[in-house]
Amino acid sequence: QVFNIETFTHVALDGTDIIAAGNRYNARNGIPYNEFFIFARFKTTGAVDTSFSTDGKETFQVAPDISHDITGLHGVSGKMLASFDAGTTTDFFNALRLNNRGGLDNTFGAGGYASIDFESNGSNDGTDVSVLQGDGKLYVIGNPGGGVDIGAIRLTPNGTLDVGFGTGGETGVDVPSLGSPKDAVLQPDGKLLVLNGSSSSIKLT
């Protein structure tokens with residue numbers, strides 16, 4: 001028996017609107033397959049915003065037979081900005097942006113997507129969390145492997161690496177046994193505080 005399952009995992013505000021994101025997938029005999037991203041926009045009353053897509057909800061697929069896991073969601077002047085993990089052996093640090101109508105924003109990255117191979121190490125760069133800076137720049141944080149336990153990149157509002165951050169837009173630390181990043185926050189002094197999976201934290205400048 002085949003089921004269609006929709007799960008929203010992230011919620012954020014965009015002005016006064018409420019936005020949400022997650023994934024949709026089919027399941028056969030309890031095994032998920034054929035995953036999609038799902039995004040939705042609601043008015044402050046909770047009513048669906050039908051100006052987004054045609055019914056307030058949009059689904060699309062990056063590629064067949066990979067996981068579609070949202071790791072961060074941000075509202076930016078009517079657009080939705082999200083980081084995601086694709087769960088493949090060649091996964092990069094990933095982000096995408098939707099325009100206010102629900103389509104991919106072609107002014108961001110390549111066709112609406114930004115996918116960065118951290119330090120070009122060819123490892124599985126798991127994307128775990130993202131933080132939006134006040135000027136529209138996006139930090140994407142994860143466990144990139146290749147000898148780096150905690151890695152972060154900063155993207156400009158057009159989806160390219162911000163060379164003013166770290167080395168060429170990337171920075172990372174090798175701290176064994178810290179686990180993967182679980183959350184992060186940007187401090188008032190501009191430093192990035194990252195919470196990892198072992199009840200510790202690190203600070204990236």
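This passage describes a four-stranded sheet and a set of salt bridges in a predicted model.

Residues are numbered from 1 along each chain as its sequence is written. Because the model is predicted, local features need a pLDDT of at least 70 and side-chain atom pairs count only at pLDDT 80 or more, while totals for chains, interfaces and linings use all residues; side-chain values use heavy atoms, with hydrogens and water left out.

We can begin with the sheet. Four strands form an open sheet in the order β5-β6-β7-β8, and their pairing is antiparallel. Strands here are DSSP E runs of at least two residues, numbered from the N terminus, just as helices are H or I runs of at least four; two strands pair if DSSP finds at least two bridges between them. The edges are taken by β5 (69-76) and β8 (113-116), each of which pairs on one side only. From one strand to the next, the twist averages 15°, with axes as lines fitted to C-alpha atoms (for helices, over the stretch in contact) and angles running from 0 to 180 degrees between N-to-C directions. Within the sheet, β6 (residues 79-85) and β7 (residues 93-98) run antiparallel and are joined by five bridges. One position in this pairing is S83, whose bridge partner in β7 is A95.

The salt bridges come next. Across the whole structure, a search finds eight of them, each defined as a side-chain nitrogen of Lys or Arg within 4 Å of a carboxyl oxygen of Asp or Glu. Accessibility adds context: buried means under 20% relative accessible area, exposed over 50%, and partly exposed in between (1.4 Å probe, protein chains only).

D105 takes part in a salt bridge with K79, at 2.9 Å from N to O. This pair links distant parts of the chain, since D105 lies in the loop between β7 and β8 and K79 in strand β6, 26 residues apart. D105 is buried, at 6% relative accessible area, whereas K79 is partly exposed, at 27%. D105 also meets the side chain of R97 in a salt bridge, with an N to O distance of 2.8 Å. R97 counts as buried, its relative accessibility being 11%.

Elsewhere, the side chains of D49 and K43 form a salt bridge of 3.7 Å, N to O. D49 is buried at 5% relative accessibility, while K43, with a relative accessible area of 39%, is partly exposed. Finally, a network of salt bridges links D14, D17 and R41.
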